[in-house]
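This report covers one sheet and one ligand site. The sequence and the structure come before the text.

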Amino acid sequence: MRISLLLPTLLLTVFSSSAQITVAHLLTENLSDPIGIDSRQPRFSWQLAAPDRNVLQTAYEIQVGDGPESGKIWNSGKVQSDQSLYIPYGGPAVASGQKYFWRVRVWDNKGRASGWSKPASWQMGLLTPADWKAQWIRVANEDPSQPSPLFRKTFIAQNGIASATAYITAHGLYEAQINGQRVGDAVLTPGWTSYNKRLQYQAYDVTGLVHPGKNAAGAMLGSGWYRGYVGFEGQHNVYGTELSLLFQLVIRYKNGHTDTVGSDGSWKTATGEVRHSEIYNGETVDARKEQKGWSLADFDDTRWETAQTADLPKDKLIATVNEPVTKHETFHAAKLLTTPRGEKVIDFGQNLTGWVLVKIRGKAGDSIRLSHAEVLDKQGNFYTENLRSAKAQDVFVLKGGGEEIFEPRFTFHGFRYIRIEGVDGAVNPDDFTAVVLYSNMPKTGNFNCSNVLIDQLQHNIQWGQQGNFLDVPTDCPQRDERLGWTGDAQVFSRTAAFNRGVDNFFAKWLKDLAADQVSNGAVPFVIPNVLGDGASASAGWADVATIIPWNMYLAYGDKRILEDQYPSMKAWVEYMRGQSKNDLWNTGFHFGDWLFYRPFDDNDGRSAVTDKYLIAQCFYAHSTQLLINAATVLGKKEDADNYTALLKRIKDAYLQEYMTPDGRLVSGTQTAYVLSLQFDMLPEALRKQAAERLVKNIQDYNYHLTTGFLGTPYLCHVLSRWNQTDVAYRLLLQDSYPSWLYPVKMGATTIWERWDGIKPDSTFQTPGMNSFNHYAYGAIGDWMYRVVAGIDTYEDGPGYHHSRIAPHPGGRLRSASADLETGYGKLSSHWEMKDDTFHLEVVVPANTTATVCLPAVDRGLVTEGGNNLSAVKDIQIEGIEKGYLLVRVGSGTYHFRVSK
Ligand code: RAM
């Protein structure tokens, strides 16, 4: 009895005195064991873990070798450094297609050394055009109805296979197979880039698919973004008219030999069951035309035609840096309905992006047609008018003789409902599964609180992100648009970086931005640009060029995005400078504060219209400020000085043109005051009264926001910065139009494009522009994480190297929590009000520190882990700021209590 009581204490002592540090979670270029890396100096990141508090790394050693255990290729030696993210490889030149292994060990501030980590690996891509032995191939005479072509080739592999890697890309979309098995799990490959300038290939480890003896490899192609319809003006063939394939398989043998099987004039081609596909319009699959076993070695291809080689460029090929689109959640029918019009409709309960997998039985030639819709109308009928010209229909034709399974490949839809046509008799809802598609970004953030409507809002924000991060950040997934709208992406980017790991996603897209930037520096409305160079340079849209690099730098602490994007950032600021007269930029077309509040009955003149050139000048200043920030981080002193001088002139010109001497702005809207305050446009002395005017305006609208795309993301932040968090909470909790919770109350499961997509009388906004899956207004998520739960990073310790935990209880919330997987590990802030006592649990990852802001003015009212604050030796009191007690902590878990 005595022993058993003692044991836990004993174990605890032993455990803490010998507490070990470990190192894990090794990433190369932010990816786990990636294949196909372009960077000749790949960067390494890892995480430390230790059970005790205040752990900081003081040194590291990295070994790189050609096998898991060896450091033969490069040994960094012991490097005194606290850096644990993005350390560049420093060894001899890397070789194309070569696989490398690395491991790391670290030392900490308590004199401990970790053991070697488990090894991680990466494999280089094909680094030069000459590494591509394969040739581009295509179909000699394509059928005008554009069925998907199949290509195949048999080959012999020898004994002793060590590894096999497939490098594949296409003009169009591809799905590859080897010996009857699908290659990889990515869909809609090769993704979407500015194809004529940058075309991604994917690299796959196919060692398990290739065997000694006779094998077959092949691929099927679809039109996709390459030549299908993209854009709302009927554009198609934007990048070309013909589909082509580039396929290279490299087999390495244990004896050091390699075999390369590449697409060339010996490949065979035919068509199969995919008879037509378009992203907007859907896919037609006719199972009767299936070429069963078409990628098996013994398939009879004597009736297939010979593929034609094509002299197409290989110098634009790039490895894939972002996570590919893959399948995620699946949904079963929540309800089967017969609408008033008598149509059979399934409700999946969630507005999503993806497609429907169907199990079905019938006779050869029977067909089923699925149409997709986001909403039912007021009468309960299937509503597709807001899809505009996008047909969004999949048609499956049966071959008969048992259960058949259909799933499209080269399309996607934005939908919650499907209409089913062509099934005689009863529909079995279990035969239909909605499959969700999005870029495979790691989930990093969680936010929840005691208010169920706010939790639903967070759910809608996440689903808005998932539905629109499909290789590029799209505005919407359902209508004939689905384009990489720059304004939408910039307003949502900071929120996006909380919910999911979007560093590689945006790094890739920003390179397309730089590639498509007009030679005069103008940034297109959409990236990849399918609207032409004239469709560019709108304030708040084009500023994506400066805003996203800076936001990604803050969220991930990676300087490289600033280095890579710096010329593009600067070119955009120079564009505005070139357009300005006397430092005032007041020319050109601008979307303005897109979709701002307009009353239903527009007769009272209360529309919240903000002068577009006032907005342009604010963003001119903001982009210039971000360029100065980037120049400072990158040590470009001369640029920083020059742009600081320019910024002063931009602000002077602003005041002269748009503000009265007493501090009134020519547009008295929320957005005008929000942008002026957020971007520090006003002299210090006039800011407080500007904040008061903003609050007064909000009160005049009875605590409703009236902001559009550009004012909304900053609205609550500005209120909090001027100590008006209570007003911000009133806006957040507002549930009548216009507000964030109005759509939630109307049953939304994603963020809507417009505040009033469905009006209070259940009629719709104009079908010409009414998406129910548009993430821009979801930008409030950033305020929920950073202010409500209170997780933020200091700019001089970006990527949460030095984080700020500053929860703001309010809005009658009893509790709120946020968790974030940072580069260093999990950072959390969970707060709860219990009997007048404020409880805060904070988790800070190793190798970082945090400043915790506790809502207390007197340290005597605060305890941590039950002890009075001054008795806790590993917590440092930093002072009082705006009614908060600031304490500095190192890594570890902390339980604070603040009593009244
Ligand atoms: C529409 C969409 C998009 C927006 C542009 C200006 O096409 O609403 O989100 O950025 O307009």
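In what order do the 7 strands of the open sheet run, and is the pairing parallel or antiparallel? The order is β35-β40-β41-β42-β48-β44-β45, with antiparallel pairing. The edge strands, each paired on one side only, are β35 (445–449) and β45 (867–868). Strands are DSSP runs of E with at least two residues, numbered from the N terminus, and two of them pair if DSSP finds at least two bridges between them.

This is a predicted model, in which local features need pLDDT of at least 70 and side-chain atom pairs count only at pLDDT 80 or more, while totals for chains, interfaces and linings use all residues. Residues are numbered from 1 along each chain as its sequence is written, and side-chain values use heavy atoms, with hydrogens and water left out.

At the β35 edge, 5 bridges join β35 to the antiparallel strand β40 (residues 815–822). Within this pair, Phe-447 stands opposite Ala-818 of β40.

The ligand is surrounded by residues with a heavy atom within 4 Å of it, including Asp-475, Arg-479, Glu-481, Trp-541, Phe-709 and Met-769. The shell divides into 6 nonpolar, 1 polar and 5 charged residues; Trp, Phe and Met count as nonpolar, Asp, Glu and Arg as charged. The table gives polar contacts, pairs of N or O atoms within 3.5 Å.

| Residue (polar side-chain atom) | Distance to a ligand oxygen atom |
|---|---|
| Asp-488 | 2.4 Å |
| His-774 | 2.8 Å |
| Trp-594 | 3.3 Å |

The protein covers 96% of the 290 Å² of accessible area that the ligand has on its own, by the Shrake-Rupley method with a 1.4 Å probe.

Key:
Helices (H or I, at least four residues) and strands (E, at least two) are DSSP runs, numbered from the N terminus. A polar contact is a pair of N or O atoms within 3.5 Å; within protein, one must be able to donate a hydrogen and the other to accept it, and residues adjacent in sequence count only if both atoms are side-chain atoms.
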